[in-house]
Amino acid sequence: MAVVVEEMTNPFYPELIEPLQQALLTRGLRTVLVSDRGEGEPRAQLPQLADGSYDGVVLTTTIRGSRLPRDLSERGIPHVLMNRVLDHAESPGCTFDNTSGAAQVAQLLVDLGHESIAAIHGPITTSTGSERAASLRAALRSLGAPLKRTRTRRAPVFSHDAGYNLARDLLTGPDRPTAIACGNDVLAMGALSAARSLNIAVPADLTVIGYDDIALSSWPFVNLTTVRCDLPVLAAETVAMLMRALGGERFAEIQRIPVALVRRGSHRRLGEGRSE
């Protein structure tokens, strides 16, 4: 089974792939990783994926307008999207409920009394970046705390350096926020690093919220408040979809896995010097 992944320098992907490999093994399927180097539409991968070497394909890096799923469908190659989906569903996919997760983040920030809220969104080309950004904006607007454009930044990639640079820009500008909601945990860790470099205390002077709940987020020196995405459940449901595709079923169903806010030590209520 071919699994298309990003380079493993992003800590999210090893945590995504491990339960997927285990779920595939329980079905007697071995995994071959095919690297997507983040260069956009991976058209060069099609000959490799379609050469008959694989029973099926799991796509974990698909961008919103990718033609690769359609190419695989036209060649009769069973495949499933994992964690990412297309703007117009043409293939089965399994991802998280990003709308619910962003709404939970927005509610927490408003409940804590934050009005100067900033956001570092993920790449617009990905469903994860786009959905989380749009849902956060909508949720904050509905709660009477609209997100200002001057406090919004868009990361070109989900990376620590992107989060660091964009957070420093926000924190050294004239409209400094009291809270930053980030498109994933890696961006949030960059924001934590930026705050530390500027001697801004988290959470006393700044709240930082992530998304994904990768293992690093729970480490004591990070202690990041975030949205937990259950990767073993995602893997199990993705493989269940894949087995249907391998059985010859043609469908374009999108399944969304519930998420939950995890409160740790990177947030606080305004006017209090401790985490909530």
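**Exercise 1. A loop residue and its backbone**

Asn83 is found in the loop between strand 4 and strand 5 (93-96); working from this predicted model, state what the phi of Asn83 is, and then find the peptide bond that is cis.

*Solution.* Begin with the general expectation, which is that most residues other than glycine have a negative phi and most peptide bonds are trans. Asn83 is not a glycine, yet its phi is positive, at about 75°. Turning to the peptide bonds, the one from Val202 to Pro203 is cis, with omega near 10°, and Pro203 belongs to the loop between helix 7 and strand 9.

**Exercise 2. The sheet of six strands**

Determine the strand order of the open sheet of six strands, name its edge strands, and describe how helix 1 lies on it.

*Solution.* The order is 2-1-3-4-5-11, and the pairing is parallel. Strand 2 (32-36) and strand 11 (254-257) are the edge strands, since each pairs on one side only. From one strand to the next, the twist averages 25°. Within this sheet, strand 1 (residues 2-6) runs parallel to strand 3 (residues 57-59), and three bridges join the two; Val4 is placed opposite Leu59 in strand 3. Helix 1 (residues 12-25) packs on the sheet, where it touches strand 1, strand 2, strand 3 and strand 4 (79-82), and its direction makes about 170° with that of strand 1.

**Exercise 3. Helix 1 against helix 8**

At what angle do the axes of helix 1 and helix 8 (residues 231-246) cross, and which residues of the two helices meet?

*Solution.* Two packed helices are described by the angle between their axes and the distance between the axes. Here the axes come within 8 Å and cross at roughly 50°. That angle makes helix 1 oblique to helix 8, and helix 1 passes helix 8 in a right-handed crossing. On the side of helix 1, the residues are Phe12, Glu15, Leu16, Pro19, Leu20, Ala23 and Leu24, and they meet Leu231, Pro232, Leu234, Ala235, Ala236, Val239 and Leu242 in helix 8. Sorted by class, the contact of helix 1 with helix 8 has 13 nonpolar residues, no polar residues and one charged residue.

**Exercise 4. The sheet of four strands**

Establish the order of the open sheet that four strands form, and identify the strands of this sheet that helix 4 and helix 7 touch.

*Solution.* The four strands are arranged in the order 7-6-8-9, with parallel pairing. The edges are strand 7 (152-154) and strand 9 (207-209), each of which pairs on one side only. The average twist from one strand to the next is 15°. Strand 6 (residues 117-121) pairs with strand 7 in the parallel sense over three bridges, and Ile120 stands opposite Arg153 in strand 7. Helix 4 (residues 98-111) packs on this sheet and touches strand 6, strand 8 (179-182) and strand 9, its direction making about 170° with that of strand 9. Helix 7 (residues 185-197) likewise packs on the sheet, touching strand 6, strand 8 and strand 9, with a direction that makes about 160° with that of strand 9.

**Exercise 5. Two further helix pairs**

Describe the packing of helix 4 with helix 5 (residues 127-142) and of helix 6 (residues 160-171) with helix 7.

*Solution.* Helix 4 and helix 5 pack at an angle of about 40°, and their axes are 8 Å apart. This makes helix 4 oblique to helix 5, and their crossing is right-handed. Residues of helix 4 in the contact include Ala102, Val105 and Ala106, while those of helix 5 include Arg132, Ser135 and Leu136. By class, the contact of helix 4 with helix 5 has eight nonpolar, four polar and two charged residues.

Helix 6 and helix 7 pack at an angle of about 50°, with axes 7 Å apart, which makes helix 6 oblique to helix 7. Helix 6 passes helix 7 in a right-handed crossing. Among the contact residues are Tyr164, Ala167 and Leu171 of helix 6 and Leu187, Gly190 and Ala194 of helix 7. By class, the contact of helix 6 with helix 7 has ten nonpolar, five polar and one charged residues.

**Exercise 6. A salt bridge**

Which residue forms a salt bridge with Asp213?

*Solution.* The partner is Arg264, and the closest N and O atoms are 2.9 Å apart, which satisfies the cut-off of within 4 Å. The pair links distant parts of the chain, 51 residues apart: Arg264 lies in the segment after strand 12 (259-262), and Asp213 in the loop between strand 9 and strand 10 (226-229). The count of salt bridges comes to twelve.

Conventions
Residues are numbered from 1 along each chain as its sequence is written. This is a predicted model: local features need pLDDT of at least 70, side-chain atom pairs count only at pLDDT 80 or more; totals for chains, interfaces and linings use all residues. Side-chain values use heavy atoms; hydrogens and water are left out. Two strands pair if DSSP finds at least two bridges between them. Axes are lines fitted to C-alpha atoms, for helices over the stretch in contact, and angles run from 0 to 180 degrees between N-to-C directions. Contact means heavy atoms within 4.5 Å. Angles under 35 degrees count as roughly parallel, over 145 as roughly antiparallel, 65 to 115 as roughly perpendicular and the rest as oblique. A crossing is left-handed if the near helix is turned anticlockwise from the far one by less than a right angle, and right-handed if clockwise. Ala, Val, Leu, Ile, Met, Phe, Trp, Tyr, Cys and Pro count as nonpolar, Asp, Glu, Lys and Arg as charged, and the others, Gly among them, as polar. A salt bridge is a side-chain nitrogen of Lys or Arg within 4 Å of a carboxyl oxygen of Asp or Glu.
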